Amino acid sequence: MSSSDRLPIRDTRPQPQPVKHHHSARYYAQRVRESFTTRVTKVLCAIFLSFLLVSLIVFFIVWLSLRPHRPRFHMIDFTVPGLAQKPGLDNAVITFNVTARNSNQHIGIYYDSMEGFVYYKDKQIGSTPLLHPFFQEPKTTTVVYGQFGIGTATLAVNSRRWKEFVNDRQHGTVHFRLGIMSVIRFKVSTWKSVHHKMHVNCDVAVGSDGLILPAWKNRKCSVYFS
């Protein structure tokens, strides 16, 4: 009989059954505890991250509203009356006034010291103390007035320098630069900042009559800290 004519024989041997693992009550309790711990940890992490995010948003908003803005200075007037006089050197005087604006909403500024300088062709020709220490309230403007003079030893101009002034005057314009150096502190409620050294530079020009030219009046001055 050929192999193709043989009848299939059914295997009646018992098949192996999968092994069933029986866990104790302690095992299931451990699993429950681990699941509970994981959930609590996730909840605490979510709460912490939410609190951190809200804190950062609040801090950013407060920073935007309270960050200090530097004072704004504008040149209002600058005169050298002696330029129109002969001889003007003996009574040489330079007078000026600028405005200092505190544009902050909730921040005051302590001006602990202030000194003025005047320059001609980038050479310092005078210096004088300005104002006594004062506190500037938020959203207020202070007028800073000063004078440099031969008689008060705050203006160092010799005959050669004065001739340079007169030569420029003949061309219709004499250029100067006013500098202000001040030590300031910012104040928010009861908190006061450390001292900051502030520098102000105001370019200005006068005409042949020694008066400030209209193009330079109310011009904004540059401000920087060192």
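**Chatting through a predicted fold**

Trainee: Hi! About how many helical turns separate R160 and E164 in helix α2?

Mentor: About one, because R160 and E164 are four residues apart in that helix. Keep in mind that we're looking at a predicted model.

Trainee: Okay, and what do R160 and E164 form with each other?

Mentor: They form a salt bridge, and the closest N and O atoms are 3.1 Å apart. R160 and E164 also belong to a network of salt bridges with shared partners, which takes in K121 and R161 as well.

Trainee: Why would side chains pair up like that in general?

Mentor: Side chains of opposite charge can pair when their charged atoms come close.

Trainee: How many salt bridges does the structure hold?

Mentor: Five. One of them is between R185 and D112, where the closest N and O atoms are 2.8 Å apart. That pair links distant parts of the chain: R185 sits in strand β7 and D112 in strand β3, with their positions 73 residues apart.

Trainee: Is R185 buried or exposed?

Mentor: Buried, because its relative accessible area is 17% and the cut-off for buried is under 20%. Its partner D112 counts as partly exposed, since its relative accessibility is 24%.

Trainee: Which residue meets D122 in a salt bridge?

Mentor: That's R177, at 3.8 Å from N to O. D122 lies in the loop between β3 and β4, while R177 is in strand β7, so this salt bridge ties together parts that are 55 residues apart in sequence. D122 itself is exposed, with a relative accessible area of 62%.

Trainee: Changing topic: which residues touch the most other members of the largest nonpolar core?

Mentor: F73, F78 and F176, out of 42 residues in that core. Several elements give two or more residues to this core, including β1, β3, α2 and β9. The top contributor is β7, which gives seven residues.

Trainee: Why might nonpolar side chains gather like that?

Mentor: In soluble globular proteins, nonpolar side chains tend to be buried together.

Trainee: What is F73 in contact with, leaving aside neighbours within four places in sequence?

Mentor: Its contacts include V98, A100, Y111, I180, M198 and V200. R219, K220 and C221 are also among them.

Trainee: And which aromatic pair do F78 and F176 form, in terms of how the planes sit?

Mentor: A tilted one: the rings are 5.6 Å centre to centre, with 35° between the planes. F78 is in strand β1 and F176 in strand β7, 98 residues apart, so to speak from distant parts of the chain. Both F78 and F176 are buried.

Trainee: Which residues do ring pairs link into a cluster?

Mentor: F78 and F176 again, together with Y120, W162 and F165. For the whole structure, the count comes to eight aromatic pairs.

Trainee: Let's talk sheets. What order do the strands take in the open sheet of four strands?

Mentor: The order is β6-β2-β1-β10, with antiparallel pairing. β6 and β10 stand at the edges with a single partner strand each, so one side of each has no neighbour in the sheet.

Trainee: How many bridges join β2 to β6?

Mentor: There are 10, and the two strands run antiparallel. Within that pairing, N97 stands opposite Y145, and V93 stands opposite G149.

Trainee: And how many join β1 to β2?

Mentor: Seven, again with an antiparallel run. Look for T79, which stands opposite T95 in β2.

Trainee: Why is β2 described as largely enclosed by the rest of the structure?

Mentor: Because eight of its 10 residues are buried.

Trainee: Last one: where is Q136 found?

Mentor: In strand β5, which covers residues 134-136. Q136 counts as buried, because its relative accessibility is 1%.

Trainee: What does the side chain of Q136 reach?

Mentor: It reaches the backbone oxygen of T140 at 3.4 Å. A polar contact of 3.1 Å also joins the side chains of Q136 and T142. Leaving aside neighbours within four places in sequence, the contacts of Q136 include A100, R101, N102, G108 and Y111.

Methods:
Residues are numbered from 1 along each chain as its sequence is written. This is a predicted model: local features need pLDDT of at least 70, side-chain atom pairs count only at pLDDT 80 or more; totals for chains, interfaces and linings use all residues. Side-chain values use heavy atoms; hydrogens and water are left out. A nonpolar core is a set of buried Ala, Val, Leu, Ile, Met, Phe, Trp, Tyr and Cys residues joined through side-chain atoms within 4.5 Å. Buried means under 20% relative accessible area, exposed over 50%, partly exposed in between (1.4 Å probe, protein chains only). Contact means heavy atoms within 4.5 Å. A polar contact is a pair of N or O atoms within 3.5 Å; within protein, one must be able to donate a hydrogen and the other to accept it, and residues adjacent in sequence count only if both atoms are side-chain atoms. Two strands pair if DSSP finds at least two bridges between them. A salt bridge is a side-chain nitrogen of Lys or Arg within 4 Å of a carboxyl oxygen of Asp or Glu. Rings of Phe, Tyr and Trp (its six-membered ring) pair if their centres lie within 6.5 Å; planes under 30 degrees apart count as stacked, over 60 as edge-to-face and the rest as tilted.
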